[in-house]
Amino acid sequence: MRDRAVRALRVAVAVAVLVGLVAAPWTVDDYTVALLARTLALGLVAVSVALLTGVAGLPTLGQTAPYAAGAYAGAVVGGQLSDVGPVHLLVAAGAGAALAVVALPLVLPARGVVLLMITLAVGELAVVLAGRWTSVTGGTDGLAGIAATRPLWGLPVLATDRARYLYTLVAVAALTGLVLLVLRGRVGLLLRAGRDDEARLRASGHRVAAHVAGVHVAAGAIAGAAGSLLVTAQQYVSPADFGFDTSALLLLGVVVGGTASVGGALVGAVLVVAARDWLFGALPGQAPLVLGLAFVVVAHLLPTARRTRRAGRGGSATPRPSEVRRPPAVTGVRA
Amino acid sequence: MPVDPYVVPAVDGVAYGLLVFVAASGLVLCFGVAGILNLAHGTLFAIGGYTAAALLDGGWASLALALAVGVLAATAAGALVAVLLTRVAAAGHLTQALVTFGVALAGGSLLVAAFGPDDPPVRVPAALDGSVAVAGHRYAAYRLVFILVAAVLAGLLHLVVRRTRAGMLVRAAVDDAEMVATLGVSPAVVRFGVLAAAGALAGAAGVLGAPIIGPGPGTADAVLLLSLVVVVLGGLGSMTGTLLAALAVGQIQTLGVALVPSAAPFLLFAAMAVVLAVRARGLATARRAT
Amino acid sequence: MTPLLTAEAVTVRYGSLTALDGVDLRLPLGQRHALIGPNGAGKTTLLDVVAGATRPAAGRIRLGGYDVTGLGPAARARRGLGRIHQRPAVWGSLTARENVLVAALPRRAGRWQPAARRRAAGRTADALLDRVGLGDLAATPAGQFAHGQRRQLEIAVALAGRPRLLLLDEPAAGLSAAEVGWLAEFLRGLPRAVAVLLVEHRLDLVYALCDTVTVLRDGRTLATGSPAEIRASGPVREAYAEGVT
């Protein structure tokens, strides 16, 4: 009953948010439009989080790492290659995917809370790296004065907040649509099956490790592309864009959006980030306190996906009968 | 290469590493026993740090008082996290992450409101506020004493886990949570105990380590990250592994920076990549059986 | 002729406990073979070893003459192994049809599949669901199924992988009398191209379905023979009876 009410509410809110996003450039001031463009980029990162966490059952707190890699690569490398947006997007997606590939040996065997820890550590280290690698990233001061982007070859550069916003909106919509399209087919089926019962999928002959690696890299590429959109939107990038609170905020947005729903994650993240921005404007002193309480309250109120992958080391999905001792748990303290 | 200039940072690294170990050991307990990733763990450490900054006045009595108050406050905060998690315990890792992050955010905000946005200075006991000469080098006296105290703490922790009934339950819970439930110990009680104990450890580390990793708005995040890295490097659940990893990270953060300042940002990342890649290969061979 | 499955001197230890101690097993193509024995005899462990879910401390597993000891469950499934678990394992958030489809889909990642082949997988799924009697529930999420329906679905999933050898771990456990009747009928109706290795406590089912029976006790093979021989063997009856509680 409550689930159905929540679902109806979600659909209504999603429609309202999407209509609002399209109408925004003509209804709100330039400052808000610029904020919204940045928020949309975060929404795309949330799509990658939902892909991993909700669809594939691989919870993550580390998508800020490929997001940051994409942002810096798009700004530094992309900026030297061309001033055309899609080129930046490709470079950034490549950087995000490359970072995901580098992290693969760490994340591939991990599931559940172990995966949360490892992804958080990787994400946080990436941000520390971005802050200290001053020669490339500008350190904690960030990279300012990034040149304006052309949306396509032969078009004028994006000179206004509204133009940058519309470019971001189109790119986010296209990439989210692509993800949704791919998930409708075989890929979505196999990822959801792996989330439900990985050992059974293996027993059906599927290469689960390849699926897991593939979805990590794809999510890295999406987050990387979002990084390029961030750079285009705010023409500035600094480690503060990729902090630990960003990861947590994205996770909250994904949970608010319904965890397993990629479109819901986009809407949820946009709502949560917008609420955060509004809160910090309205109550500058108490904003973190209120936000923190909001996390606790939302976690108590919303039904979340209880399904995350179990560490699939044991091949048999069934609880072992009494004649067999269980293998040691994956989590554990050994003195 | 002359070894001499690197002795002092190496000793500093031991102090730093032991501090990180005491902070991280609470995280190992939470994670290993109850399967909880407590994102508020750094905040518990910060509570200890701020307590030290507020109460220490250079005397021994104030150190004892700060230790008592800091440990108590951080234990209470850990217990609060456990209570907040009780209602959502069945809901899984994501909900736990949201709740504990919410506590971290709100707690950090309250600490800044109470103690101000700047890093407060910490006064160590006057008797230790200086340096002593050992074998031709001058060391900060507090750090030398801290090494001893932290080593004692680590030893005590080992004894508790190895030798006591609580430690036995902890190890049993790790092996088989359902079996412990059949012993009549409810998972809620285990969770409460573990989070409170982790709070106590973080609080003690925060108070005693305040002169090394001082309190401030960035402390919670930094300590959480260091603890996470150390726990992951240490093999996710092994106390001995965590200790070794913490000592290694301590050296990287002090000796490594002194030796190759330009590579400093990459050292932690590289260490993690190397260790995990090696371990991943071990896991891969184990996984071929599946 | 090369047997379909051979297990040679398989030994499995869990710490100090030896679950299997040098067990041999040989299944020709199409054979219906049962493993019986008291609880703790190592029957499920042997299935785990054959399926690749447990790695033996010693011994070899050959499938169709090919040594698969070093392969995981997925690779063995691709070589024609299907499995039914003691507790039916289905993908709860997928519909019944999607469950079968996942198993019927080609299992090599990253290869482009022509639409015709995907449609063929869909037809296979529909036919299998009809065969196990779940045709009307094709669009229902498997998580809503009762135990017996999950068992039916799991059998369809296992058959969708076109196994040459089906491993059945107590398929009748938890089923009603009517469902057991259905199961026996269905298994009897399986084409002879599918060999079966069955672990089952219900000896009536074992004697009705299988042409060879192996008795395990304390991780060792006690006897192998036809149902008639096993039934006649005194020590076997004794060993089995004392273990059944």
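## A tour of the domain interface in chain C, with stops in chains A and B

Between domain 1 of chain C and domain 2 of chain C, 2 residue pairs are in polar contact, both at pLDDT 80 or more. Keep in mind that this is a predicted model.

**Stop 1: set up the two domains.** Select chain C. Colour residues 1-80 and 163-245 as domain 1, and residues 92-159 as domain 2, following the domain assignment. Place a marker at the C-alpha centre of each domain: the two centres lie 26 Å apart.

**Stop 2: the contact surface.** Show the residues in contact. Domain 1 of chain C contributes 15 residues, and domain 2 of chain C contributes 10. Together the two domains bury about 1100 Å². Carbon and sulfur atoms carry 68% of that area. Which three residues supply more than any others of the area that domain 1 of chain C buries against domain 2 of chain C? Select C:R78, C:W182 and C:F186: they supply 42% of it. Look for salt bridges across this interface and the rule finds 0.

**Stop 3: the domain 1 side.** Turn to the side of domain 1 of chain C that touches domain 2 of chain C. Show α2 (73-78) and α6 (177-188) of chain C, the elements that give two or more residues to this side. The largest share, 4 residues, comes from α6(C). Now colour this side by residue class. You get 11 nonpolar residues, 1 polar and 3 charged.

**Stop 4: an aromatic pair between chains.** Over all chains, the count comes to 6 aromatic pairs. Select A:F244 and B:F101. Their ring centres are 5.1 Å apart and their planes stand at 80 degrees, so the pair is edge-to-face. This pair crosses between chains. A:F244 sits in helix α11 (residues 244-256) of chain A, and B:F101 sits in helix α4 (residues 93-115) of chain B.

**Stop 5: A:V91.** Move to helix α4 (residues 85-107) of chain A and pick A:V91. Which residues does A:V91 contact, leaving aside its neighbours within four places in sequence? Show A:A73, A:V77, A:G78 and A:L81. Then draw a distance from the C-alpha atom of A:V91 to that of A:G70. The label should read 7.4 Å, for residues 21 apart along the chain.

**Stop 6: a salt bridge within one helix.** A search of the whole structure finds 19 salt bridges over all chains. For one of them, select A:R164 and A:D161, whose side chains meet at 3.0 Å, N to O. Where do these two residues lie? Both are in helix α7 (residues 161-184) of chain A. They are 3 residues apart, about one turn of the helix.

Methods:
Residues numbered from 1 in each chain as written. Chains lettered and ligands numbered in written order. Predicted model: local features only at pLDDT ≥ 70, side-chain atom pairs only at ≥ 80, totals over all residues. Heavy atoms only, no water. Domains from an automatic or database assignment. Contact = heavy atoms within 4.5 Å. Buried area = accessible area lost by both parts, 1.4 Å probe. Salt bridge = Lys/Arg side-chain N within 4 Å of Asp/Glu carboxyl O. Polar contact = N/O pair within 3.5 Å; in protein donor to acceptor, adjacent residues only side chain to side chain. Nonpolar A, V, L, I, M, F, W, Y, C, P; charged D, E, K, R; others polar. Phe/Tyr/Trp six-rings, centres within 6.5 Å; stacked < 30°, edge-to-face > 60°.
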